[in-house]
Amino acid sequence: MMKPYYCTTKNDFTLYQGDTFNLLHQIEGSFDMIFADPPYFLSTGNGKVNVNGQYIKFDKGLWDRVRSRDEKDSFNRKWLEPCARLLKKNGTIWICGTYHNIFSVEKCLDELGFKIINMIVWQKPDPPLTLSDKRFNFSAEYLIWATRRACKDYTFNIEALTKINGGIQMPDVWKLSAASTWEKTHGKHPTQKPLRLLYRAITASTNIGDRILDPFAGSSTTGIAANLIGRQYVGIDDSKEYLNLSIKRREYIEDKAHFFDIKHRMEEDPEQVMVLVNHARYELKTKMLETGICYIRIGDSKGSVLVTYGFERMQYVLLHTNGEDCHLFRLKSRGTFNIWPKETLESFGFHPEHSPYYAVFHFDNTYEISFPKTPNLKDKINTYRARIRPLEDFFDIG
Ligand SMILES: C[S@@+](CC[C@H](N)C(=O)[O-])C[C@H]1O[C@@H](n2cnc3c(N)ncnc32)[C@H](O)[C@@H]1O
């Protein structure tokens with residue numbers, strides 16, 4: 001039996017170190033899903049990329065070197081053949097890429113008797129600038145999702161995906177940012193995928209307890225996402241550096257608080273619109289409605305602002321008094337606030353008393369938005385705390 005480089009006591013996260021072309025022939029058992037993020041063959045060794053106006057060297061590593069068409073085909077055949085054997089009869093395979101590798105992957109899949117179910121476009125809202133002024137800016141990667149040609153009963157959890165997409169059937173274009181800083185606190189992998197991308201793929205095509213194989217593990221984003229939602233993971237990479245990074249990521253979520261924190265961030269919908277819900281006593285609220293200014297004290301006191309996830313997606317403010325008499329408005333600018341001293345608020349006719357500084361939100365008081373759902377804002381002492389809630393708590397979206 002092959003010795004793993006690392007394995008959790010629960011056996012739900014296993015890493016093998018070495019050449020995937022050899023190890024894939026020694027892996028035991030079968031898999032419900034394979035997620036492969038293979039080399040795209042992008043690195044020339046002397047390329048450059050524009051990051052925030054600075055040209056920096058672009059080289060992901062020897063494993064990503066540019067290859068000829070035939071070399072690409074034989075590379076892809078060499079790992080796809082054993083993967084096809086390891087995939088259950090009704091299993092599905094996901095493969096990432098760009099035009100540099102994806103046509104070769106499709107050709108090999110076809111030779112192996114697979115059909116494409118979908119080709120997902122991963123659209124990045126914040127891509128780095130492409131250097132050339134002779135082509136469009138690159139802002140997407142692609143994911144082939146495939147199964148055996150004869151297979152009709154592969155897993156597709158459409159309801160779960162619809163829920164993730166706010167009640168609307170999930171399209172094949174996924175707008176998701178690249179891996180964020182909160183995903184890179186243990187170190188960096190040059191092509192680390194965002195957890196949110198894996199969350200969608202794994203939720204779509206597996207069930208709790210299913211086994212997932214990743215023949216090019218890198219920092220094991222697939223494994224972290226898999227474990228966060230109760231799936232088992234086996235990953236292979238020949239780099240000890242990347243496997244050690246994978247282990248750090250996995251050990252971090254052993255802690256319950258870290259587990260739920262990362263899971264919560266992964267499951268968040270980056271497009272979800274949020275509302276700042278704020279209590280103000282009646283006279284203060286009237287003044288806020290008159291000026292289009294909502295403010296919250298800054299400091300360690302009741303009612304002070306707590307900057308939580310979703311803050312950057314805040315587009316509305318809802319003012320209420322003791323959970324009643326609610327008014328909803330659009331913020332003038334999304335997810336932003338000013339910090340004002342109490343004197344500035346006084347110049348607008350307010351009488352702030354509790355703090356020297358306040359977070360100030362400007363909203364469009366010329367247009368009050370009516371909303372059909374009666375929100376339950378009463379929550380004992382929490383009724384008086386400012387909170388950030390999804391817009392669908394007040395509207396039936398979709
Ligand atoms: C595109 S990266 C995967 C990144 C990963 N999805 C993540 O989120 O961190 C590809 C990985 O494949 C590994 N790799 C490339 N060729 C390999 C081979 N023949 N055997 C094992 N690993 C290989 C590289 O070390 C690299 O970490």
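Biologist: Which residues of helix H3 (residues 102-111) are buried?

Modeller: In this predicted model, the buried residues of H3 are Ser 104, Val 105, Cys 108 and Leu 109. A residue is called buried if 20 or more other C-beta atoms lie within 10 Å of its own, so each of these four residues meets that cut-off.

Biologist: What puts these residues on the same side of H3?

Modeller: They cover an arc of only 135 degrees around the axis, and therefore they lie on the same side of H3.

Biologist: What do the buried residues of H3 pack against?

Modeller: They pack against helix H2 (69-86) and against three strands, S6 (87-97), S7 (114-123) and S8 (140-148). Contact here requires C-beta atoms within 7 Å.

Biologist: Why are S13 and strand S17 (residues 357-362) called a pair?

Modeller: Two strands pair if at least two bridges are found between them. S13 and S17 have 5 bridges, in the antiparallel sense, and therefore they count as a pair. Within S13 and S17, Tyr 295 stands opposite Val 360.

Biologist: What makes S13 (293-297) and S16 (338-341) edge strands?

Modeller: Each of them pairs on one side only. The open sheet of 3 strands has the order S13-S17-S16, with antiparallel pairing. Its twist averages 40 degrees from one strand to the next.

Biologist: Which residues come nearest to the ligand?

Modeller: Of the 19 residues around the ligand, these are Thr 20, Asp 37, Phe 216, Gly 218 and Thr 221. The shell divides into 6 nonpolar, 8 polar and 5 charged residues. Gly counts as polar, so Gly 218 belongs to the polar group.

Methods: Residues numbered from 1 in each chain as written. Predicted model: local features only at pLDDT ≥ 70, side-chain atom pairs only at ≥ 80, totals over all residues. Helix = DSSP H or I, 4+ residues; strand = E, 2+ residues; numbered from the N terminus. Axes fitted to C-alpha atoms, helices over the stretch in contact; angles between N-to-C directions. Buried ≥ 20, exposed ≤ 12 C-beta atoms within 10 Å, placed from the backbone. Arc of directions from axis to C-beta. Contact = placed C-beta atoms within 7 Å. Near = placed C-beta within 6 Å.
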